[in-house]
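Notebook open, model loaded. I'm jotting down what I look up as I go, strands and helices included.

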Amino acid sequence: MSFLQLQGIEKTFGDVRTIKGIDLGIERGEFVVFVGPSGCGKSTLLRLIAGLEVIDLGKLVLDGRDITRLPSSKRDLAMVFQSYALYPHMSVADNMSFALRLAGASRAVIDEKVKRAAEILNLLPYLDRTPRELSGGQRQRVAIGRAIVRSPKIFLFDEPLSNLDAALRGQTRVEIAKLHRDLGATTIYVTHDQVEAMTLADRVVVLRDGQIEQVGTPLALYDRPANQFVAQFIGTPRMNVVAADAVPQFEAVLGMKVPAGGFVGLRPESIALTSPAQGQVQAHVELVEALGAETLIHVSTDRGAQFVSRQNERTVLSAGDAVGLRFDPAQAHLFDAQGRVARNAGAVAH
Amino acid sequence: MHTVAQPIASPGDDSVASDTVQDERATASRWLPRVLLAPAVSTLFLWMIVPLVMTLYFSVVRYNLMQPGPTEFIGLANFHYFATDPDFGPSVINTLLLLGSVIAITVLLGTGLALLVNEPFPGRGIVRVLLISPFFVMPTANALLWKHMMMNPIYGVLAQVSQFFGLTPIDWLTDHPLLSVIVIVSWQWLPFACLIFMTSLQSLDREQMEAARMDGANALQRFWFLTMPHLGRPVAVVVMIEMIFLMSVFAEIFTTTGGGPGNASTNVAFLIFKQALMNFDVGVASAGALFAVLLANIAAVFLIRLIGKNLDK
Amino acid sequence: MTRTDILPLAVRTVSAWTATLLIVFPLLWLVLTAFKTELQAIAVPPELFFTPTLENFGEVQQRSDYLLFAKNSLITSLGSTLLGLLIAAPAAYSMAFFRTRRTRDVLMWMLSTKMMPAVGALVPIYVLAQTSGMLDTLTGLTIVFTMSNLPIMVWMLYSSFKDIPPEILEASRMDGATLWGEFRHVILPLGMGGIASTGLLCLVLSWNEAFWSLNLSSAKAGTLAALIASYSSPEGLFWAKLSAASLMAIAPIVVFGWFSQKQLVQGLTFGAVK
């Protein structure tokens, strides 16, 4: 039995079955990321675990204890909200000590725990300020500090980085990763950003329409997506998934049979651009995006199939140029007409 | 389609029974809200129903307050009496005139003032505060302020000003009673309309204005095409609110003209009052009250619909 | 601010101030007259510069026992405010945090009771007050004021409770707060501003209330509104005293009103204007 066990969890809002039966086990000390497009139910699932919504069907077991019907206050879980949800009328110190004060802990214990959390998060100079006087990043750290102080069984994060600007987001992501490394606490983290998922998670749970599409380590999801949805959700720029019919040369070039009506998936880095003469498929350049460290080249074949190719070198190509495409069969993913994987790329260098 | 990460534990595992700890929030949610709502709902219900039922009853009996109690059932005679009262027609007209004039004055002037004060200028804060003031003066003080200080034909300010310009002063309350009441009530409600419009103008979309400016619209066009539609809704609200509250204008008439001379400044509310507490004819007054309530209902229906749309946000 | 804005600014400033002073003039005149002697008050042409005197304020008290009426106003206003808050606050709390499909209808119904003209209830309320001996009593007036203001109070408290972000309540739940804990530690402190301004508005409305005051009270429970009305028929020189009496009656409320502007818009338009 895992540390946190979800069994057949279902949730319906009105007529809509938002969560359609989730089975999942999370181990102690793991950093699990729930990721998926908007409306996939990831936040709902988090709130079901937190106790902020009532579970309609299924069982939730934490450390051997059935918490399915327990109120949030008794589950020993702490949540960091997307909007931080700090108590505006309390100081930072009071915000962080609120739960302990409610539990009747002694003044000494409270002070010590708050101080420790504040040290970890660089909040010591701000303990007497109110949330209004803090910046967005500081408020977020207070929200995290509020959770740390409680030493809960599991930390729950609900899209904590969405309200930060891009620069702060990257920085805070690193801080959260370090925090997990130092504290070793079990964490469930919800985000729509697959970069956060890839970089923070021990394991990623990809959700769509209230169901789990795939669970695995980030790289496992990247290399061996179970279906087209996961393949295109993980990795940026998206994996090129093209109908087999759109590029007749596929079967010949790749040397393998594509399922009828199926698709071929190739990551941008698996597509090489050469001169038209050396190419396996002919195409012309639509757009060049020079990012400095890498270059993305959007091409379109004569039949209109679109690909994005990624390379580390700069390019002299520009829109309209004719190019040849070379595919590496070892890196091809094949999907059937329903999007299920028929073959993952093999021989991937690790 | 999903990948199961862990085998599902079968029921009957060694976990703590799930339903022993009840969520106190869930149980409280059943009875607490109703208990909390009860005092407000029940008192308001009584406040609404009891007078209504009594009024309905009184309107069909003969009842004079000088006599011990209601005497006999007389059907619709009270309604007939009220409607054929020579003061009835004029009172309805006066009510409509009062309503229409005050609404027109407050909306037009209120819009103008709100526009004037919308952009910053020195002393704007004080101006706003001053403009609000008349609304908080109690109606009786307001009425007397105008009756004696402003409108008195000899010593009043208006009289002195017209004398200064060589005109004969007007005896407002005697010669133009309804107009005087209109002035008094408008003065009181102008700040209300002004405040509403000021608030509404603050929420005007600045970016939309700038876009219009860049598109070449001049000030008048911007006002007509952007500001006016935006003000449409608060104007509707002000009109409806004023309709509802101004229907009951009473204190001002009571304190200044007493409904006269004759019935020149009597409105429906004052007429009912006259029947009830001057003629002590409860029956007729009740009939009149039902009529007033009917009028108010019409306005209320529209207002409720407007609020309802807002409540859903 | 560009150069082209200066001239319009000057025009606007002058016209705004002129309009304002014209509109507020009666009040300003009232304030001035309160400090004049009766002779100065009726002087033609009117005196703008004079030595102020406080004699009127004292005379008002002598002539008409101003303090009694002021006390009545105070008691009825404060009483109806407190009673109103006691009834309205739980209702607003219930509707804001235990919202059901019927909540909206209940709220609209409450508001609709305020939309009926007071004169419609005049006869029955008068008869009831008469038969129950509540005529010309402070209790009767307080009850009537409370019920008059109740819908607006419920509405305004509901609005301010709803303004409390639900995530903060959820956070307190995660932190271990029970229902009562939520109320005590989050809703009450955060809703205090709304409660205060609702109370302020009710105070203003009750103090100024003239319709029921005039009809249901006289010598014993009369409020200031009724007292002022009694100055309607002049008895000799009395303008300065009238001004003084009015000034004393309206001054505190006008000041309160300045503080409750925003709530006024919200409350009296039933939130239809943002």
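How many bridges join β13(A) to strand β17 of chain A, and do the two run parallel or antiparallel? I'm working on a predicted model here, and I count four bridges between β13(A) and β17 (residues 322-327), with the strands antiparallel. One facing pair I noted is A:Thr274, which sits opposite A:Gly324 in β17(A).

**Entry: the five-stranded sheet of chain A**

I stepped back to see the sheet that holds this pair. Its five strands follow the order β13-β17-β14-β15-β16 in chain A; the sheet is open and its pairing is antiparallel. Which strands stand at the edges? I find β13 (271-274) and β16 (306-311) there; each has a single partner strand, so one side of each has no neighbour in the sheet. I also looked up the turn between neighbouring strands of this sheet, which is 45° on average, ignoring direction.

**Entry: the four-stranded sheet of chain A**

Next I went to another sheet in chain A. Four strands make it up, in the order β11-β12-β18-β19, again as an open sheet with antiparallel pairing. At its edges I see β11 (240-243) and β19 (341-343) of chain A, and because each has a single partner strand, one side of each is left without a neighbour. From one strand to the next, the twist averages 30°. I then checked the β11(A) pairing: four bridges join β11(A) to β12 (residues 263-266), and these strands run antiparallel. Within that pair, A:Ala243 faces A:Phe263 of β12(A).

**Entry: a hairpin in chain A**

I moved on to β1 and β2 of chain A. Strand β1 (residues 4-13) is joined to strand β2 (residues 16-26) by eight bridges, and the two are antiparallel. A:Phe13 stands opposite A:Val16 in β2(A). What does the backbone do in the hairpin, where two residues lie between the strands? I see A:Gly14 taking a positive phi near 65°.

**Entry: domains of chain A**

I looked up the domain split for chain A. The assignment gives domain 1 as 4-223 and domain 2 as 228-343. Their C-alpha centres are 38 Å apart. The contact uses eight residues from domain 1 of chain A and six residues from domain 2 of chain A. On the domain 1 side, I listed the elements that give two or more residues: α6 (194-200), β9 (203-208), β10 (211-216) and α7 (218-223) of chain A. That side of domain 1 divides into four nonpolar, two polar and two charged residues.

**Entry: domains of chain C**

I did the same for chain C, which is divided into domain 1 (3-55) and domain 2 (61-268). Taken over C-alpha atoms, the domain centres are separated by 32 Å. Nine residues of domain 1 of chain C and eight residues of domain 2 of chain C make the contact. Which elements give two or more residues on the domain 1 side? I get α1 (6-34) and α2 (38-41) of chain C. The largest share there, four residues, comes from α1(C). By type, I have five nonpolar, two polar and two charged residues on that side of domain 1.

**Entry: a helix pair in chain C**

I then picked out two helices of chain C, α7 (residues 138-162) and α9 (residues 179-208). They pack at an angle of about 150°, and their axes are 9 Å apart. An angle over 145 degrees counts as roughly antiparallel, and α7(C) and α9(C) are therefore roughly antiparallel to each other. I noted their crossing as right-handed. The contact residues include C:Phe145, C:Met153 and C:Phe161 of α7(C), and C:Ile187, C:Gly193, C:Leu201 and C:Leu205 of α9(C). Sorting the contact of α7(C) with α9(C), I have 10 nonpolar, seven polar and no charged residues.

**Entry: chain B against chain C**

Last on my list was the contact between chains. How many residues of chain B are in contact with chain C? I find 86 residues of chain B in contact with 83 residues of chain C. Helix α1 (residues 24-59) of chain B gives the most to the chain B side, with 20 residues. I sorted the chain B side by type too: 67 nonpolar, 16 polar and three charged.

Conventions. Residues numbered from 1 in each chain as written. Chains lettered and ligands numbered in written order. Predicted model: local features only at pLDDT ≥ 70, side-chain atom pairs only at ≥ 80, totals over all residues. Contact = placed C-beta atoms within 7 Å. Nonpolar A, V, L, I, M, F, W, Y, C, P; charged D, E, K, R; others polar. Pairing = 2+ DSSP bridges. Axes fitted to C-alpha atoms, helices over the stretch in contact; angles between N-to-C directions. Domains from an automatic or database assignment. Parallel < 35°, antiparallel > 145°, perpendicular 65-115°, else oblique. Left-handed = near helix turned anticlockwise from the far one by under 90°.
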